[in-house]
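Biologist: I should like a close look at a single part of this model, its salt bridges. Please explain them carefully for a first-year student.

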Amino acid sequence: MANKGPAYGMSRDVQSKIEKKYDDELEDRLVEWIVAQCGSTVGRPERGRLGFQVWLKNGIVLSRLVNSLYPDGSKPVKIPDSPPTMVFKQMEQIAQFLKAAEDYGVIKTDMFQTVDLFEAKDMAAVQRTLMALGSLAVTKNDGNYHGDPNWFMKKAQEHKREFTESQLKEGKNIIGLQMGTNKGASQAGMSYGRPRQIIS
C-alpha cells in the first residue's frame, strides 16, 4: 500500500476506465441518504470521488449506516468509542460492514472489496454496494429506512399463488398457445420459389 507508485501503460488505462464509472450525481444521493439514515453527526464529505472515499475510509460511517437498518438491540457491527487510526483496524471495520451488509441480504456480486474503498481502487463498486443496500432497505419496508423511498429501486418480490385441486384439473384441459394449434392450417396457395433448373 505505502510503496505503490504511479501507474503506467495498461494499468493506467484500466484504472482510468474504473474511475470513469464513478457517478457524481449518485454520490450526492448516497450522501443525502446516509445523513438522513444516520443523522447529521456523521458529517458530510468533500464533493468528489476522493472526498467520498476519505469520508467512508475508516468504516465508522458505513458501520453506523448498516446498524441503523436494524431495530434497536440487534446492531450487527460494534462501533469503537473513538474512530480507529491504525490501518488494519480501519480495514477490519470495513470488513465488518461488508459482513453485516451480506447478512442483511446484499448479494456477493454487489459487494466491493475492502481495498476498493480503502485504497480508492474502485469507488464505483462502493456506490453499487450502497445502492444495493438502499434498495434492500426500501424493499423490506420494516420501518428502519429513513429518507426518500424514491432514491432507490424496490427489488422484485416473490408473489406466490395457491391453486385449488379443481383449478389445477381445469388447467390440464386447456391447450396453451405455446403448444401451437393446427386449426385451419393448409398449404393451399403456398409457393416455394421456382423449380430447380437442370441444364445439361
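Modeller: Exposed means over 50% relative accessible area, buried under 20%, and partly exposed in between (1.4 Å probe, protein chains only). The model is predicted, so local features need pLDDT of at least 70 and side-chain atom pairs pLDDT 80 or more, while totals for chains, interfaces and linings use all residues. Residues are numbered from 1 along each chain as its sequence is written, and side-chain values use heavy atoms, without hydrogens and water.

With a salt bridge taken as a side-chain nitrogen of Lys or Arg within 4 Å of a carboxyl oxygen of Asp or Glu, the count comes to 5. Among them is the pair of Asp 28 and Arg 47, whose closest N and O atoms are 2.5 Å apart. Asp 28 belongs to helix 2 (residues 24-38), whereas Arg 47 lies in the loop between helix 2 and helix 3 (49-56), so this salt bridge ties together parts that are 19 residues apart in sequence. A helix here is a DSSP run of H or I with at least four residues. Asp 28 is partly exposed, at a relative accessible area of 28%, while Arg 47 is exposed, at 62%.

A further salt bridge joins the side chains of Lys 99 and Asp 103, at 3.0 Å from N to O. Both residues are in helix 5 and stand 4 residues apart, which means that about one helical turn separates them. Lys 99 is partly exposed, with 48% relative accessibility.

Glu 102 also forms a salt bridge, with Lys 108, and here the closest N and O atoms are 3.4 Å apart. Glu 102 is partly exposed at 32% relative accessibility, whereas Lys 108 is exposed, its relative accessible area being 61%.

How values were computed. Helices (H or I, at least four residues) and strands (E, at least two) are DSSP runs, numbered from the N terminus.
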